[in-house]
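Before you go further with this model, here are some notes on its internal spaces and on one group of paired strands. Please read them with the coordinates open.

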Amino acid sequence: MRTDVAIVGAGPAGLVLAHLLARAGIGSVVLETHSREHVESRVRAGVLEAGTADLLERTGVGDRMRQQGMIHRGIELSFGGRRHRVDLAGLTGRTITVYGQQEVVRDLIAARLGAGLPLIFDAKSVRLSGLDTSAPLVRFRHDGEEVELTADVVAGCDGHHGVCRQAVPDGVLRTYRRDYPYAWLGVLAQAPPASEELVYTRHERGFALFSMRSPAVTRLYLQVAPDEDVAGWPDERIWAELHRRLRTNDGFDVHEGDVLEKGVTPMRSVVTEPMRYGRLFLAGDAAHIVPPTGAKGMNLAIADVAVLAGALVTWYATGDEAGLAAYSRTCLRRVWRVQHFSWWMTSMLHATDRDDPYEHRLQLAQLDSVTQSLAYATSLAENYVGLPLDCAAAGLP
Ligand code: RFL
Ligand code: PHB
């Protein structure tokens, strides 16, 4: 098999890249190690930045998002039993869209398969070679057969535990990381949202987040220990803890309902530099991870591939390599700004393990500033709705 761009991984990064390349007439084959059912049912992120929603809409995969996604004009920060609204739309002129990551993935898969373009699920033991040549090779097993795929370029969009980053020789990449002394217990519940907007709560017992997926489904998170066993969280305990942390003096409280899904997500910050080795380009979680407190992971993955798609379109059209040469540098600028924002939101809102009273006071002072100072609130809002996406880079008008 031969293609222009071999894309490893059918998450948001891989699927959006394939979609942007197809629009520009560039061929690609997407390889995904899991089944379609698995990929389409993983519950993950839920907030689309303004630029992400716009990109999906402008490239023809935003119909269902516009019908079913929920546009939010603000978020709430809750502490000391009170909610404080951050007026995202008023401060930035832009909004966010609440629409599940797996719905985005479903829409992109439907568009690709509907157009008859190659997307191979259940691709096993994927291996890369020849990355420092002009004809890199991807080998994998599919339906019991060994397959060889040659390409001009490989896009490593295979997430944090993928094989692409590992295929880079030792000593080339540098990794920066921070592990946090807590994790999130995520809960999906069949219950109507009790608030129209997301509520980020700093509570002495730990962070809690109120979010949603639809007018009938609530998404909730609780700060727990990093090694927390979900088995220790029967539904009654989850609801009791959610009430304790989320209830506010103005009468806000969660609505209970059947728990549809629950799981523990570790919290870490990781950046791998550079995001390129020879003809391999890393994008999304394969290159960097943020803690979910800023709702940035999926958006950042899509921002990377918008840059990569633009650089590849220019390269195929003119032979000019400048965009590809600048890929890592261009992406890392945004990556580090998003790293800072995600770390900052995380540090401001989580209770520290050591019950450090000085740090607690600093967190309250920070929240005070963010909710009382227009400058602080605007900074949070700008980052939350998302830094501008370079649409020209993605080949969009
Ligand atoms: P993804 O979505 O992980 O997609 C990578 C894809 O590659 C496949 N893969 C391989 N395919 C072929 N060969 C191999 N050897 C492969 N190895 C792996 C995987 O099966 C997968 O389909 O990465 P991408 O596209 O970069 O997108 C990034 C986002 O998914 C991620 O940043 C966010 O979902 C992070 N994240 C969250 N972000 C939020 O903003 N809010 C959240 O609530 C939130 N919850 C989460 C999350 C990430 C989680 N992970 C990674 C464990 C909850 C979880 C559980
Ligand atoms: C979600 O709805 O899953 C969600 C929302 C905001 C976050 C993280 C996750 O910061």
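1. Two strands are taken here to pair if DSSP finds at least two bridges between them. By that criterion strand β2 (residues 28-31) and strand β8 (residues 119-120) are paired, since two bridges link them in the parallel sense. Within this pairing, L31 stands opposite I120 in β8. Please keep in mind throughout that this is a predicted model.

2. What does β2 pair with besides β8? Strand β1 (residues 5-8) is joined to β2 by four bridges, and the two strands run parallel. Looking at individual positions, V30 in β2 is the bridge partner of I7. With helix α1 (residues 12-23), β1 and β2 form a β-α-β unit, and this unit is right-handed.

3. The side chains of β2 deserve a separate look. In a regular strand, side chains alternate between the two faces of the sheet. In β2, S28 and V30 point one way while V29 and L31 point the other way, and all of these residues are buried. The cut-off behind that word is a relative accessible area under 20%.

4. Turning to enclosed space, the structure holds one cavity of 30 Å³ or more, and the volume of the largest cavity is about 50 Å³. Its lining consists of E49, K296, R334, R337, V338, F341, N383, G386 and L387. Helix α9 (residues 322-349) provides the largest share of this lining, namely four residues. Sorted by class, the lining of the largest cavity comprises four charged, three nonpolar and two polar residues.

5. Among the open spaces, the second largest pocket has a volume of about 350 Å³. It is lined by 22 residues, of which E204, R205, G206, Q223 and A351 are the closest to its centre. Two or more lining residues come from each of β13 (174-190), β16 (217-224), α7 (235-246) and α10 (357-372). The largest share, three residues, is given by α7.

6. Which classes of residue line the second largest pocket? Its lining has ten charged, seven nonpolar and five polar residues. When inspecting this pocket, a reader could begin with the residues closest to its centre, including E204 and R205, and then look at the lining elements, α7 among them.

Conventions:
Residues numbered from 1 in each chain as written. Chains lettered and ligands numbered in written order. Predicted model: local features only at pLDDT ≥ 70, side-chain atom pairs only at ≥ 80, totals over all residues. Heavy atoms only, no water. 1 Å grid on protein atoms, 1.4 Å probe; cavity = no way out; pocket = protein on both sides within 12 Å on 5 of 7 lines; lining within 4 Å. Points joined across faces, edges and corners; volume = space filled by probe spheres on them. Nonpolar A, V, L, I, M, F, W, Y, C, P; charged D, E, K, R; others polar. Buried < 20%, exposed > 50% of the residue type's maximum accessible area, 1.4 Å probe, protein only. Right-handed = clockwise from strand over helix to strand, strands pointing away.
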